[in-house]
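Please study the sequence and the structure shown here before reading on. The paragraphs that follow lead through them one region at a time.

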Amino acid sequence: MSYTTSIFYFFAAILVFAGLRVITARNPVHAALFLVLAFFTAAGLWMLLEAEFLAITLVLVYVGAVMVLFLFVVMMLDINLDKLREGFWDYLPLAGFVAVLLMIEMALILGGRHFGLDVTGVPARHAADYSNTKELGRLLYTDYVYAFELAAVILLVAIVAAIALTLRRRKDSKYIDPAEQVRVRRGDRLRIVKMQAEKKGSGPGSPDSGGEGA
Amino acid sequence: MGNLYVDWAAVQAVVWALLKIVALVIPLMLGVAYLTYAERKVIGWMQVRIGPNRVGFQGLLQPIADAVKLLMKEIIIPSGASRGLFILGPILAIAPALAAWAVIPFTDTLVVANIDAGLLYVMAVTSMGVYGVIIAGWASNSKYAFLGAMRSAAQIISYEIAMGFALVGVLLAAQSLNLVDIVRAQAGGWQQWYIWPLLPLFVVYLVAGVAETNRAPFDVAEGESEIVAGFHVEYSGMAFAVFFLAEYANMILVAALTTLMFLGGWLSPVNVLPDGIVWWLLKTGFVLFLFLWFRATFPRYRYDQIMRLGWKVFIPVTIVWIVLVSGMMQTQYGHLFH
């Protein structure tokens with residue numbers, strides 16, 4: 001076995017194991033962490049395919065941000081897995097249909113030579129200094145710029161919608177304007193009162209000891 | 001395929017890579033150890049104290065003594081803790097902190113792996129560091145640890161965005177993701193460093209770096225006065241020390257990245273002096289000194305103020321500056337930003 005093939009099988013084994021554990025782990029936090037492992041190994045596989053930009057972005061976006069927020073939520077919820085599994089048999093036919101569909105799709109790709117897929121040929125390997133990132137950026141901003149901008153606008157709409165749906169102004173909020181806080185001067189908060197010192201029966205005492213400790 | 005043979009060239013490459021990693025990690029660990037010493041000394045002086053001065057000459061052996069003490073201590077695993085994850089926490093904290101160093105160049109040839117997407121790699125790997133904190137906080141089965149982990153995770157996620165945008169500015173200016181190329185693009189004396197055209201991004205990156213490493217004044221994740229010590233409250237002995245190693249390794253990493261991207265890396269500030277690793281060390285040391293200085297100067301931020309600074313100040317500032325830089329590059333003044 002060549003070096004890359006053995007690495008592929010190593011990653012693939014971890015990926016399949018992690019994927020299985022995502023759906024079998026009893027603890028939802030463990031399941032989410034196995035999903036993180038699955039993403040990370042998938043990134044390793046993409047690296048083998050010379051898609052280094054996609055691989056690193058997968059780690060950066062999904063592992064570094066999405067899954068962190070996911071874990072955040074899962075850790076704070078009190079999820080009862082037995083309750084979640086109640087409808088298992090009801091959903092099985094639908095899930096089975098999706099699974100069969102996925103298997104057919106994979107078979108079409110894996111057995112592609114029987115369906116004439118091999119006319120596209122194997123993509124050529126690139127030299128070490130070939131920059132995947134640059135090529136991808138150039139394509140996205142020239143040939144596919146409209147599609148790219150459209151996707152960006154759709155995402156923006158989704159962001160605005162998510163905020164608009166959850167935004168509510170609470171009447172009892174104790175929000176303070178930071179600008180106002182910064183602008184506060186001593187005179188607004190503090191009043192210095194000048195008082196006559198109380199006369200003590202005896203003792204010299206300095207003439208202007210008043211005002212202290214008021 | 002199929003027949004078993006040993007590819008000696010591959011074996012040699014692996015051994016060579018391992019040697020390089022060892023040659024990087026040992027000085028890094030020493031740097032971490034003596035950064036703790038420097039921190040105690042510097043803050044001591046700033047507060048008109050002496051700092052550690054008992055172990056060895058001027059207290060120079062203090063970090064070694066601390067390490068030995070922590071190694072001898074028992075690692076206690078709380079009875080309600082999730083055992084496997086409790087041990088995994090510190091490992092996941094230190095692994096990214098060390099792995100990111102693979103692409104950090106010290107001079108134009110002295111680098112473990114000079115990869116093309118170096119900046120992306122650093123961003124991806126450092127974004128994994130938050131898992132150590134979250135897992136440690138959750139697995140400890142303690143409310144203080146959990147609250148600390150929540151605070152820390154929210155803070156790291158928030159400042160990562162501003163940090164990433166600051167890096168986009170550098171990327172625009174250097175037109176490369178390769179860290180060696182980014183430094184080379186700043187050649188030609190101190191006035192060519194990216195700190196000048198990208199000054200707002202430099203400030204954002206530095207402050208976000210302090211927040212990312214959970215250092216004072218952004219250390220609400222530890223918050224002794226409210227949540228004891230935050231996410232690592234249940235850890236003892238070496239497991240606790242590993243979290244500290246990770247924090248300090250991350251500090252040096254942020255300082256090194258600031259040096260590479262904004263302060264010209266190993267390039268000398270004036271043309272008459274030769275470039276070299278000594279400049280890299282001086283600049284990184286200066287940025288690290290800033291970290292210590294901040295800690296001795298500023299009181300801890302309130303949590304909502306941290307969130308406000310990250311989302312409402314830093315992100316808009318970076319977006320405006322990125323638009324400005326990319327706009328200016330299309331005009332006749334573009335050379336000012338390269």
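**Charged pairs, core and interface**

D181(B) has a relative accessible area of 32% and is therefore partly exposed, since that class lies between under 20% for buried and over 50% for exposed. The model to which this value belongs is a predicted one. The side chain of D181(B) meets that of R184(B) in a salt bridge, with a distance of 3.8 Å from N to O. Both residues belong to helix α7 of chain B, which covers residues 179–184, and they stand three residues apart, about one turn of the helix. R184(B) is likewise partly exposed, because its relative accessible area is 45%. Side chains of opposite charge can pair when their charged atoms come close.

A second pair in chain B consists of D66(B) and R40(B), whose closest N and O atoms are 3.0 Å apart in a salt bridge. Which parts of the chain does this pair link? D66(B) lies in helix α2 (residues 62–72) of chain B and R40(B) in helix α1 (residues 8–46) of chain B, so that distant parts of the chain, 26 residues apart, are linked. With a relative accessible area of 24%, D66(B) counts as partly exposed. R40(B) is partly exposed as well, at 37% relative accessibility.

R302(B) and D304(B) form a further salt bridge, in which the closest N and O atoms are 2.7 Å apart. Here too each partner is partly exposed: the relative accessible area is 40% for R302(B) and 43% for D304(B). In addition, E39(B), R215(B), E247(B) and R295(B) are joined into one network by salt bridges that share partners. Over all chains, the count comes to eight salt bridges.

Attention may now turn to the nonpolar residues. The largest nonpolar core has 117 residues, and those with the most contacts inside it include W101(B), Y131(B) and F262(B). Helix α10 of chain B, residues 237–262, gives the most to this core, with 16 residues. What does W101(B) touch, leaving aside residues up to four places away in sequence? Among its contacts are L24(B), L28(B), F106(B), A249(B), I252(B) and W280(B).

One residue of another helix may be considered beside these. V278(B) lies in helix α11 of chain B, which covers residues 277–297. At 48% relative accessibility, V278(B) counts as partly exposed. Its C-alpha atom is separated by 46 Å from that of N141(B), and the two residues are 137 residues apart along the chain.

The last region is the interface between the two chains. There, 29 residues of chain A are in contact with 27 residues of chain B. The area buried between chain A and chain B is about 2300 Å², and carbon and sulfur atoms give 76% of it. On the side of chain A, I56(A), L60(A) and M75(A) lose the most area to chain B, together 24% of what that side buries. How many salt bridges are counted between chain A and chain B? The count is zero, while one residue pair is found in polar contact across this interface.

The elements that give two or more residues to the side of chain A that touches chain B are α2 (28–48), α3 (52–76) and α8 (178–183) of chain A. Of these, α3(A) gives the most, with 14 residues. By class, this side of chain A has 20 nonpolar, eight polar and one charged residues.

Key. Residues are numbered from 1 along each chain as its sequence is written. Chains are lettered from A and ligands numbered from 1 in the order in which they are written. This is a predicted model: local features need pLDDT of at least 70, side-chain atom pairs count only at pLDDT 80 or more; totals for chains, interfaces and linings use all residues. Side-chain values use heavy atoms; hydrogens and water are left out. Contact means heavy atoms within 4.5 Å. Buried area is the accessible area (1.4 Å probe) that two parts lose on being put together, summed over both. A salt bridge is a side-chain nitrogen of Lys or Arg within 4 Å of a carboxyl oxygen of Asp or Glu. A polar contact is a pair of N or O atoms within 3.5 Å; within protein, one must be able to donate a hydrogen and the other to accept it, and residues adjacent in sequence count only if both atoms are side-chain atoms. Helices (H or I, at least four residues) and strands (E, at least two) are DSSP runs, numbered from the N terminus. Ala, Val, Leu, Ile, Met, Phe, Trp, Tyr, Cys and Pro count as nonpolar, Asp, Glu, Lys and Arg as charged, and the others, Gly among them, as polar. Buried means under 20% relative accessible area, exposed over 50%, partly exposed in between (1.4 Å probe, protein chains only). A nonpolar core is a set of buried Ala, Val, Leu, Ile, Met, Phe, Trp, Tyr and Cys residues joined through side-chain atoms within 4.5 Å.
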